[in-house]
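This briefing goes through one protein chain by topic, from its overall make-up to individual residues and their surroundings. Please keep the sequence and the structure in view while reading.

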Amino acid sequence: MKTITFIGNGNMALSIAEGLKSSYKIEVVGRDLKKLENFEKKIGVKIEKHLLKDFDITNKTVMLCVKPANVEEVGTQLQGEAQLLISVLAGATLEKLSQNIQAKSIVRAMPNLAASVGKSMTTLTGDIEAKDEAIKLLEAIGETRWLSSEKEIDIATALAGSGPAYLALIAESLADGAVKQGLKRDDALAIMRGLFSGFGDLIKTEHPALLKDGVMSPGGTTAAGYAALEDGNVRSACMNAIQQAYEKAKKLS
């Protein structure tokens, strides 16, 4: 069984490791042994644990999951040259990664938190010779999409990487709206979850506009609610959210 080496032990590393643990051996490198032990408890399988200082990455497949601002400092503590470096750092360019961490091939990837349940939408770009291996690896945690440029992955980061937070806000708001009208909180949450589960399957094969038209009958309840969303500029706010997140990704680089 192949080993995947995680540099960093935060939430994203944990989510990806959760998705990979049944197919790969997991090795995690961090600064604090207690945090590494806690990572092992959360993932529920035995992992190899190492401290960051002077860790040798020679010929390893490395998943870089540290904060973008820490790339330079982490790079000074690693030894050797990785076989493949996959970075999930928003805004950290291929050039910046190559300047700080030695690797034969480098790929930027942007999974999301659904990796922990094998449902991530992961976008990738980087050294084309590593494309097949990177896609195969990250398909273990969901769907993948190879993009042709770093600009595109920064835009995709705003959509798929940050998207769970946007959808969580919408989900919470819809449930709150039902509670406001008199539905019990537990019932509202259960119905909202069922809504998102079914919609996730529908949107895979149908254009969003067609789904909307299929639900909205003339003068009906959906039309009334949809008009309220338009009055609240929800469409414009969602488009602006992508723009602002993309601009932030560019600043991080």
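## Overall make-up

The chain has 11 helices and 10 strands, in a model that is predicted. Its C-alpha trace spans about 65 × 35 × 30 Å along the principal axes, and 36% of its 253 residues count as buried. The points below take up the chain as a whole, then its salt bridges, a nonpolar patch on the surface, and two further places in the interior.

**Contacts, surface and charge**

- Among the contacts in the chain with a separation of 6 or more, 44% are accounted for by residues 24 or more positions apart.
- The accessible surface of the chain comes to about 14300 Å², and carbon and sulfur atoms hold 54% of that area.
- The chain carries 31 positive and 31 negative charges, and the mean positions of these two sets are 4 Å apart.

**A buried salt bridge between a strand and a helix**

- A search of the whole structure finds 13 salt bridges, and one of them joins the side chains of Arg 108 and Asp 154, with a distance of 2.8 Å from N to O.
- Because Arg 108 lies in strand S8 (residues 103-110) and Asp 154 in helix H6 (residues 150-161), this pair ties together parts that are 46 residues apart in sequence.
- Both partners are buried, since the relative accessible area is 2% for Arg 108 and 7% for Asp 154, where the cut-off for a buried residue is under 20%.
- Once its neighbours within four places in sequence are left aside, Asp 154 is in contact with Gly 91, Arg 108, Tyr 246 and Ala 249, so the list of contacts includes its salt-bridge partner, Arg 108.

**Partly exposed salt bridges and a network**

- The side chains of Glu 230 and Arg 235 meet in a salt bridge at 3.1 Å, again taken from N to O.
- In this pair, Glu 230 counts as partly exposed at 33% relative accessibility, and Arg 235 likewise counts as partly exposed at 48%.
- A further salt bridge, at 3.4 Å from N to O, is formed by the side chains of Glu 247 and Lys 250.
- These two residues both lie in helix H11 (residues 234-252), where they are 3 residues apart, or about one turn of the helix.
- An α-helix has 3.6 residues a turn, so residues three or four places apart point the same way.
- Glu 247 is partly exposed, with a relative accessible area of 30%, and Lys 250 is partly exposed too, with a value of 37%.
- Elsewhere, Glu 40, Lys 46 and Lys 49 are joined into one network by salt bridges that share partners.

**A nonpolar patch on the surface**

- Leu 167, Ile 170, Leu 174, Leu 195 and Phe 199 form a nonpolar patch on the surface, and together they have about 450 Å² of accessible area.
- The elements that contribute two or more residues to this patch are helix H7 (163-180) and helix H8 (185-202), with the largest share, 3 residues, coming from H7.
- Leu 174, a member of the patch, is found in helix H7 and counts as partly exposed at 46% relative accessibility.

**An enclosed helix**

- Helix H1 (residues 11-20) has 7 of its 10 residues buried, and it is therefore largely enclosed by the rest of the structure.
- The buried residues of H1 are Ala 13, Leu 14, Ser 15, Ile 16, Ala 17, Gly 19 and Leu 20.
- The cover over these buried residues includes both strands and helices, namely strand S1 (3-7), strand S2 (25-30), helix H2 (33-43), strand S5 (61-64) and helix H5 (131-138).

**A buried serine in strand S8**

- Ser 105 is found in strand S8, the strand in which Arg 108 also lies, and Ser 105 counts as buried at 9% relative accessibility.
- Apart from its neighbours within four places in sequence, Ser 105 is in contact with Gln 83, Leu 84, Leu 85, Asp 127, Glu 129 and Ala 130.
- The C-alpha atoms of Ser 105 and Ile 128 are separated by 8.7 Å, and these residues stand 23 residues apart along the chain.

Technical notes
Residues numbered from 1 in each chain as written. Predicted model: local features only at pLDDT ≥ 70, side-chain atom pairs only at ≥ 80, totals over all residues. Heavy atoms only, no water. Helix = DSSP H or I, 4+ residues; strand = E, 2+ residues; numbered from the N terminus. Buried < 20%, exposed > 50% of the residue type's maximum accessible area, 1.4 Å probe, protein only. Contact = heavy atoms within 4.5 Å. Areas by Shrake-Rupley, 256 points an atom, 1.4 Å probe, with all protein chains shown as cover. Lys, Arg positive; Asp, Glu negative; His and termini not counted. Charge placed at Lys NZ, Arg CZ, Asp CG, Glu CD. Salt bridge = Lys/Arg side-chain N within 4 Å of Asp/Glu carboxyl O. Patch = residues over 30% accessible without salt bridge, like charges linked within 9 Å, V, L, I, M, F, W, Y side chains within 5 Å.
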